[in-house]
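This report walks through one protein model for a reader who is new to protein structure. Please keep the sequence and the 3D view open while reading.

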Amino acid sequence: METGTGIGLDKKSETLYVKLLLGLRWTPEELGRELDRRESEVICLIDGLREEGLVVASGDVPGAYRAVEPCVALPALLSRRMHAPQMAQPRAAAIERFVKLHEYTTDRVSRPDSGHSRDETATLVERLIARAERDVIFLVPGGSPDGPDEVNGSCFELSKPIIDMSLRRGATVRSLWTSSALSHPAGAEHARWMADQGAQLRHVGSLPVRAIVVDGELAVQISEDRTVARVVRGGGGLERLNALADQLWQRGVGLRSPAGRAVSTGPRRPRSETVLRLLAEGLTDDAIARRLGCSVRTVRNDIACAMSALDARSRFQAGARARQVGLI
C-alpha cells in the first residue's frame, strides 16, 4: 500500500482527508467528482477515516461529511498508534508540518464573531480547544446523543474528540447537564464515559444557555435549536457567562452511578500522557515514578516508547515535542 507523508495514513486516505479540509463539508458524490474516483471507493475511504477519528458526519447536511481539524485529530491518532506498534506509526515531525500546512488552508468558518452552522461551530470549537490551557466548561441544557456521529464530533458539546483533546492538554474539564439529559440512556452512557476519562460532571434542573467557555477568556454560545453560534470575546457578555457557569456549577449535583454511589472523577488518563507532561516539566525518572506510584523501569519503558514515536533524541526533547504536536 502506498504511504502518505508520514501522518499515519496511506496515500489515498491522506489525499481524501486533505480534500475534505478544503471545504466545510462534502458529499461522497462531490468528492468522487473532485478526485476522479468511484463513489463506492470514496465511501470506503471515508469509513476508514471515520474509524480513525479524522472525519465525522455533517451536523447540517444528511449524507455529507466534514474533516475533524488536524490539530485535534492527528495528536489523537498519534496517541493511539503509540500503543499499537503493529500499525503504521505517525511521525511527530510529519504531523507538525501537516497541521501547519493544512489547518488553515482555506477558511472553513465564516466571520469569527458571526452566526455559525453546526459544522462551522464544531470546527471553530476544535480550533479553540487545541489551545485550551486551564479550564473548559460545557453548559448542556438538554438533549442526548442521537447516535455515534454526535459523540464523534458532529455535535461539539457531546464530542469525544473535543473532550479528549481538552483533557490531553491538561485542562480541567467540567460539564454541566440538565437532569433530563442524564435520564436518557444514551446521555447517561456518554456522561459516564466522560467521568471515566477524568472530566467532572454535575447536573441541575434547567440551564438557560448552551455554551462552552475556554479558560474563562473566550466562549461560544449556541442557539436553543443548535443551528446558530456566536463567539463571545471579553466584555460584559463573557463576564456574565463566566459568572453564570460558576453559579450553576456550585448549585449542581454530582453524577451518581446506578447503585447510588458518586461517580469518581479522578484523573484516569493514560499513564503515558502523564509521563510526557512530567517530562516536559523537567522531572527525573525517579521523581516521575514516585509521582505515579510505579517502578522506575515502567517509567523508562514509557519514555523509550515516547522517544521512538516522537523521533526524539533525548527524554527532554520527547516532552517538548509532545507539547509541540498536541499530545499534552
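Both faces of strand β3 are covered: on one side Asp-135, Ile-137 and Leu-139 are buried, and on the other side Val-136, Phe-138 and Val-140 are buried as well. Put as a count, 6 of the 6 residues of β3 are buried, which makes this strand mostly covered. The model in which this is seen is a predicted one, and all the values below were computed from it.

**The sheet around β3**

Strand β3 belongs to an open sheet of 7 strands, whose order is β8-β7-β6-β3-β4-β5-β9 and whose pairing is mixed. The strands β8 (229-233) and β9 (253-254) stand at the edges, and because each has a single partner strand, one side of each is left without a neighbour in the sheet.

How do β3 and its partners run relative to each other, parallel or antiparallel? Strand β3 (residues 135-140) pairs with strand β6 (residues 210-214) in the antiparallel sense over 4 bridges, whereas β3 and β4 run parallel and are joined by 6 bridges. Strands β4 and β5 also run parallel, with 5 bridges between them. The table lists residues that stand opposite each other in these pairs of strands.

| Residue | Opposite residue | Strand of the opposite residue |
|---|---|---|
| Val-136 | Val-214 | β6 |
| Leu-139 | Ala-211 | β6 |
| Val-136 | Val-173 | β4 |
| Phe-138 | Ser-175 | β4 |
| Ser-175 | Leu-201 | β5 |

Reading across the table, one can follow a path through the sheet: Phe-138 stands opposite Ser-175 in β4, and the bridge partner of Ser-175 in β5 is Leu-201. Val-136, for its part, stands opposite Val-214 in β6 and opposite Val-173 in β4. Strand β4 is itself largely enclosed by the rest of the structure, because 6 of its 7 residues are buried.

**Helices on the sheet**

Helix α10 (residues 185-197) packs on the sheet, where it touches β4 (172-178) and β5 (200-204), and its direction makes about 160 degrees with that of β4. The buried residues of α10 are Gly-187, Ala-188, His-190, Ala-191, Met-194, Ala-195 and Gln-197. A general rule helps in reading such a list: an α-helix has 3.6 residues a turn, so residues three or four places apart point the same way.

The length of α10 can also be checked against expectation, since at 1.5 Å a residue its 13 residues should span 18 Å, and the end C-alpha atoms are 19 Å apart, which agrees. After α10 comes Gly-198, whose phi is positive, near 110 degrees.

Another helix, α11 (residues 235-251), lies across β3, β4, β5, β6, β7 (218-222), β8 and β9, and runs at about 90 degrees to β5.

**An enclosed helix and an exposed lysine**

Helix α1 (residues 11-21) is largely enclosed by the rest of the structure, because 8 of its 11 residues are buried. Those buried residues are Ser-13, Glu-14, Leu-16, Tyr-17, Val-18, Lys-19, Leu-20 and Leu-21. What covers them includes the helices α2, α3 (39-51), α4 (70-82) and α5, together with the strands β1 (55-57) and β2 (65-67).

Helix α5 (residues 92-102) holds Lys-100, and is Lys-100 buried or exposed? With a relative accessibility of 66%, Lys-100 counts as exposed, because the cut-off for that word is over 50%. The C-alpha atoms of Lys-100 and Cys-71 are separated by 8.9 Å, although the two residues are 29 residues apart along the chain.

**Cysteines, confidence and the whole protein**

A search of the whole structure finds 0 disulfides. Two of the cysteines count as partly exposed: Cys-294 has a relative accessible area of 24%, and Cys-305 has a relative accessibility of 31%.

The protein has 15 helices and 9 strands, and 53% of its 328 residues count as buried. Among contacts between residues at least 6 apart in sequence, 67% join residues at least 24 apart.

Because the model is predicted, its confidence values deserve attention. The average pLDDT of the protein is 84, and 85% of the residues score at least 70. Among its elements, helix α2 (residues 28-35) has the highest mean pLDDT, 97, while helix α7 (residues 148-154) has the lowest, 52.

Terms used:
Residues numbered from 1 in each chain as written. Predicted model: local features only at pLDDT ≥ 70, side-chain atom pairs only at ≥ 80, totals over all residues. Heavy atoms only, no water. Pairing = 2+ DSSP bridges. Helix = DSSP H or I, 4+ residues; strand = E, 2+ residues; numbered from the N terminus. Contact = heavy atoms within 4.5 Å. Axes fitted to C-alpha atoms, helices over the stretch in contact; angles between N-to-C directions. pLDDT = per-residue confidence, 0-100. Disulfide = S-S within 2.5 Å. Buried < 20%, exposed > 50% of the residue type's maximum accessible area, 1.4 Å probe, protein only. Expected span 1.5 Å × (residues − 1).
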